[in-house]
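Me: I would like to understand how the labels on a structure follow from the values behind them. Could we go through them one at a time?

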Amino acid sequence: VSTQSTGEYQTFQHYFKRINLRLAMILMLFGAFACVTAELVDLSHPVNENSLNWPITGYQPFNLTTLAVVDEGGYFVISKDVSMTEHYGTHIDAPHHFGKSSWDIASIPLENLVAPVVKLNVRKECSEDRDYTVSLTDLQKWEERYGEVPSGAVLLVETGWSDKYTNPADYYGSSLDTKDPDMNYTQWASEISFPGLAAELAAELVNSYYIVGVGIDTASLDAGKAETFPVHFTLQTQNKYGLENLCCLDKVPESGATIMVLPPRVEGSSGFTVRPVVDTTSRYIYHLNSAIPTKPVISLVLVMLWRVL
């Protein structure tokens, strides 16, 4: 074989390798963009006059009133007034709810509202005992399977209670009508029965872990039989927020997801109706003080490699 032929063959091999590498990068680029598609889960119930809330005496019932409407000549505009109590339907408890000097809604740091998810599934236990309290043992079982609880995580507890949300008697465990302004609150409070967190778990979450919030698909972080709200007090005096009346937790993985909770910045508020969303794939990289999407990062790296090749 001549020297010229050998050189041409080596040149052909060189360009063939470059073509293969570039084709591989094209496939990686398409794969990267396909993989970063977020799978979002809405954890909120619809908000209307049938939404549930803790029936504290004197609470403001839900009311949606039309203030003005124009519908003529193909032109439409409408404006409404909405009134309701803070802790209505799916809502966030600001730490100020049980912490006198704790953060109100407007003071919760933004980085605490976008956080990794740790989900405990205790459906089976709660189906066998409607007064089940989620314990440190339940969290330790999660750790045995997935490792350490991520710093700055939100703990979500799936009890299965959201399935009962449209049946208040079963959801609360009392047949008294919480929409009745003359309802006997003392009697209702003595009858209610639903799962919640154990006080000991709340203490451990504060002392041994760095979590920013806790959410549950029942009416309260505290179990129905808890009389003094120890979980609320322990968590919220330490600036941990709560999420209550959640739904669709069965669609959230036990590990690897990211939750986004963005309530309005109402100064002085102890809570507000909210629409938490979970990205089940966590395809975006979140840092405590910034969010760096993976799409641009991946694209930049691949373009740089392309130019080198």
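**From values to labels**

Reply: Asp-93 stands opposite Gly-242 in strand 10, and that strand is a convenient place to begin, with the reminder that the model is predicted.

Me: What makes strand 4 and strand 10 a pair, and in which sense do they run?

Reply: Two strands count as paired if at least two bridges are found between them. Strand 4 (residues 91-93) and strand 10 have three bridges, in the antiparallel sense, so the pair meets the requirement of at least two.

Me: Which sense applies to strand 9 and strand 10, and what sits opposite Gly-213?

Reply: Strand 9 (residues 211-216) pairs with strand 10 in the parallel sense, again over three bridges, and Gly-213 stands opposite Tyr-241. Strand 9, helix 7 (residues 230-236) and strand 10 together make a right-handed β-α-β unit.

Me: How do the residues of strand 10 point, and are they buried or exposed?

Reply: In strand 10 (residues 241-244), Tyr-241 and Leu-243 point one way while Gly-242 and Glu-244 point the other way, and all are buried. This fits the general rule that in a regular strand the side chains alternate between the two faces of the sheet.

Me: Why is Lys-119 with Glu-158 called a salt bridge?

Reply: The label requires a side-chain nitrogen of Lys or Arg within 4 Å of a carboxyl oxygen of Asp or Glu. The closest N and O atoms of Lys-119 and Glu-158 are 2.7 Å apart, so the pair qualifies under that cut-off. The two residues belong to distant parts of the chain, Lys-119 in strand 5 (residues 114-121) and Glu-158 in strand 7 (residues 153-158), 39 residues apart.

Me: How do you know whether Lys-119 and Glu-158 are buried or exposed?

Reply: Buried means under 20% relative accessible area. Lys-119 has 3% relative accessibility and Glu-158 has a relative accessible area of 2%, so both carry the label buried.

Me: What makes Arg-145 with Glu-254 a salt bridge, and how is each residue classed for exposure?

Reply: The closest N and O atoms of Arg-145 and Glu-254 are 3.9 Å apart, so this pair, too, satisfies the condition of being within 4 Å. Arg-145 lies in helix 3 (residues 136-146) and Glu-254 in the loop between strand 10 and strand 11 (255-260), 109 residues apart. Exposed means over 50%, with partly exposed between that and the buried limit; Arg-145, at 63%, is therefore exposed, whereas Glu-254, at 22%, is partly exposed. Elsewhere, salt bridges that share partners join Lys-119, Arg-123, Glu-158 and Asp-163 into one network, and a search of the whole structure finds eight salt bridges.

Me: Why is Cys-247 with Cys-248 not called a disulfide?

Reply: A disulfide is a covalent bond between the sulfur atoms of two cysteines, and the label here requires the two sulfur atoms to be within 2.5 Å. The closest cysteine sulfur to that of Cys-247 is in Cys-248, at 3.4 Å, and is therefore too far for a bond. The search of the whole structure finds zero disulfides. Cys-247 is buried, with a relative accessible area of 7%, and Cys-126 is likewise buried, at 2% relative accessibility.

Me: What share of the residues counts as buried, and how many helices and strands are there?

Reply: Of the 309 residues of the protein, 39% count as buried, and the protein has eight helices and 15 strands.

Definitions and conventions. Residues are numbered from 1 along each chain as its sequence is written. This is a predicted model: local features need pLDDT of at least 70, side-chain atom pairs count only at pLDDT 80 or more; totals for chains, interfaces and linings use all residues. Side-chain values use heavy atoms; hydrogens and water are left out. Buried means under 20% relative accessible area, exposed over 50%, partly exposed in between (1.4 Å probe, protein chains only). Helices (H or I, at least four residues) and strands (E, at least two) are DSSP runs, numbered from the N terminus. A crossover is right-handed if, with the strands pointing away from the viewer, the path from the first strand over the helix to the second runs clockwise.
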